[in-house]
Amino acid sequence: MGDILIVDDERDIRELISDILKDEGFTTRLAGTSDEAMAEMNKEPPSLMVLDIWLKDSRMDGIDILKTVKRDNPDVPIIIISGHGNIEIAVAAIKQGAYDFIEKPFNIDQLMVVITRAMETSRLRRENSELRRKDVTTTDMVGSSPAYRTLKSQLDKVTKSNGRVMLTGPSGSGKEIAARYVHANSDRAEGPFVSVNSASIEPERMEEVLFGRESAGRGIEPGLLEQAHGGVIFFDEVADMPLGTQSKILRVLTEQQFQRVGGSDKVRVDLRVVSSTTRNLDEEVEAGTFRQELYHRLNVVPIDVPSLADRREDIPELAGHFIEGFNKSQGLPLRALSEEAVAMLQTMTWPGNVRQLKNVIERILILGSDKGDIAASEIPGDAQGGENDDSRVVLSGSLATLPLREARELFEREYLLTQINRFGGNISRTAGFVGMERSALHRKLKSLNVVTSSRSGARVATVAEEDAPEDA
């Protein structure tokens, strides 16, 4: 049923409690001093601890043991027993994290009720934690494009190490999903995954949120670093972390310990750190807004997460994945995408990247028909959003001001750029779709000054600058 550690300096008391618990189906371990208790804790944390406040011939009393155990093993419930009980001691024990306080001589039935409830509470916490972890591990990486395969290959290489990872890429590209993938496939998968959104936490509260706090009125309130003990902490948008907090995080990374706000005890943590940013941290360091030492500590393994524009081939697969997800989670219609809808999604601009695509799919399923394929006409007109690249021509009335030859050339260049990027730089697939021979398409691209080059592991078509080498 469970392993219970009984700590009491009176041999008769600890053996009596042990015999009663064994009759109820529990396994027990016994300790008569603080050193014996900590040795048992370090050997393997129990499911629950019954702890006497006063321990003769010990260098630590029950409150000291309680603080240490709650610092290093916060999930272990502790029931305090004492023959010198008073309100002050009971309150102090509860504030330090004890599950309950029982005064000697205690009623056996009362003790069993408290132990049963504590074990049940601990079991429910473990189950909730496991459910949260399962939710993390089902966060799927989706795609098959060259850019996606490059990303996944890099992530697979770092999962089994304990190295710190810095994920860079535009907003909405999937940096947190990549971080969760690293966690779910690492040796820390059974540990917690704690996300810190540095941009959403008020600067004056950052240290309290990260390190926790101690106060006479509210006792110990663990922070996010403590909650992530044994697992992964993800610093999202780490460039938004205040400079003062950056220096303290640097110390945590160096020493693997810290003090809570208002506290004096050192809290030891075992963490793997994954960070992300949309900014150029080299420029932030040069501007004095990010500490160079912290940057080097966090940037051990830099990995670039490509934008949706660099992995357009994945759009049909991503859209299908979102449709299935919304069907399971919200009961929205399970509809397929028409070929015209796929073509439109692949040729649109996506300033919000994968996050924007997911929002567009959800809107279509909510507002659209309950059955039938999703048509191109159902795709929201404002989904493209954002501004077009200055080197790209918007296919609109602007063409009407140009002579036919120039307008045709601009249209052909824009059309072929769009189609090549839609097919991930694959000239053969582009030629098949546009209805041209491959050699003819190559000649057309050369005449239009269009070249392809590698970016994020994918082939991307661009307009060549003057005298630039061709790669088409």
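Helix 13 covers residues 315-330, and its length can be checked with simple arithmetic: at 1.5 Å a residue, its 16 residues should span 22 Å, and the end C-alpha atoms are 21 Å apart, which agrees. The expected span is 1.5 Å times one less than the number of residues. Keep in mind that this is a predicted model, where local features need pLDDT of at least 70, side-chain atom pairs count only at pLDDT 80 or more, and totals for chains, interfaces and linings use all residues. Residues are numbered from 1 along each chain as its sequence is written, and side-chain values use heavy atoms, leaving out hydrogens and water.

**Helix 13 and its surroundings**

- The buried residues of helix 13 are I315, L318, A319, F322, I323 and F326. They cover an arc of only 140° around the axis, which puts them on the same side of helix 13. The arc is taken from the directions that lead from the helix axis to the C-beta atoms.
- Here, buried means under 20% relative accessible area, exposed means over 50%, and partly exposed lies in between (1.4 Å probe, protein chains only).
- The buried residues of helix 13 pack against helix 14 (339-347) and helix 15 (353-367). A contact means heavy atoms within 4.5 Å.
- After helix 13 comes G331, with a positive phi near 75°.

**The chain as a whole**

- You can find 18 helices and 16 strands in the chain. Helices (H or I, at least four residues) and strands (E, at least two) are DSSP runs, numbered from the N terminus.
- Of the 472 residues in the chain, 46% are buried.
- Among contacts with a separation of 6 or more, 69% join residues 24 or more positions apart.

**The sheet with strands 1 to 5**

- This open sheet has 5 strands in the order 2-1-3-4-5, with parallel pairing. Its edge strands are strand 2 (27-31) and strand 5 (100-103), each pairing on one side only. From one strand to the next, the twist averages 20°.
- Two strands count as paired if DSSP finds at least two bridges between them. In general, strands of a sheet pair through backbone hydrogen bonds, either parallel or antiparallel.
- Strand 1 (residues 3-7) runs parallel to strand 2, and 5 bridges join them. Look for V7, which stands opposite A31 in strand 2.
- Helix 1 (residues 11-23) packs on the sheet and touches strand 1, strand 2, strand 3 (48-52) and strand 4 (78-82), with its direction at about 170° to that of strand 2.
- Helix 3 (residues 62-72) also packs on the sheet, touching strand 3 and strand 4, and its direction makes about 155° with that of strand 3.
- Axes are lines fitted to C-alpha atoms, for helices over the stretch in contact, and angles run from 0 to 180 degrees between N-to-C directions.

**The sheet with the order 7-10-13-6-14**

- A second listing of 5 strands, again an open sheet with parallel pairing, has the order 7-10-13-6-14. Strand 7 (193-197) and strand 14 (301-304) stand at the edges with a single partner strand each, so one side of each has no neighbour in the sheet. Neighbouring strands of this sheet are turned by 20° against each other on average, direction ignored.
- Strand 6 (residues 165-168) pairs with strand 14 in the parallel sense over 4 bridges, and V165 stands opposite V301 in strand 14.
- Helix 7 (residues 175-184) packs on the sheet, touching strand 6, strand 7, strand 10 (232-236) and strand 13, and its direction makes about 155° with that of strand 7.

**A pair of helices**

- Helix 17 (residues 427-434) and helix 18 (residues 438-447) pack at about 100°, with their axes 9 Å apart. That makes helix 17 roughly perpendicular to helix 18, a label for angles of 65 to 115 degrees; under 35 is roughly parallel, over 145 roughly antiparallel, and the rest oblique.
- I427, S428, T430 and A431 in helix 17 meet R438, L441, H442 and L445 in helix 18.

**Backbone details in the loops**

- K104 and P105 are joined by a cis peptide bond, with omega about -10°. P105 lies in the loop between strand 5 and helix 5 (108-137).
- D57 is not a glycine, yet its phi is positive, near 55°. This residue, D57, is in the loop between strand 3 and helix 3 and counts as exposed at 79% relative accessibility.
- E237, also not a glycine, has a positive phi of about 50°. E237 sits in the loop between strand 10 and helix 10 (243-255) and is buried, with a relative accessible area of 15%.
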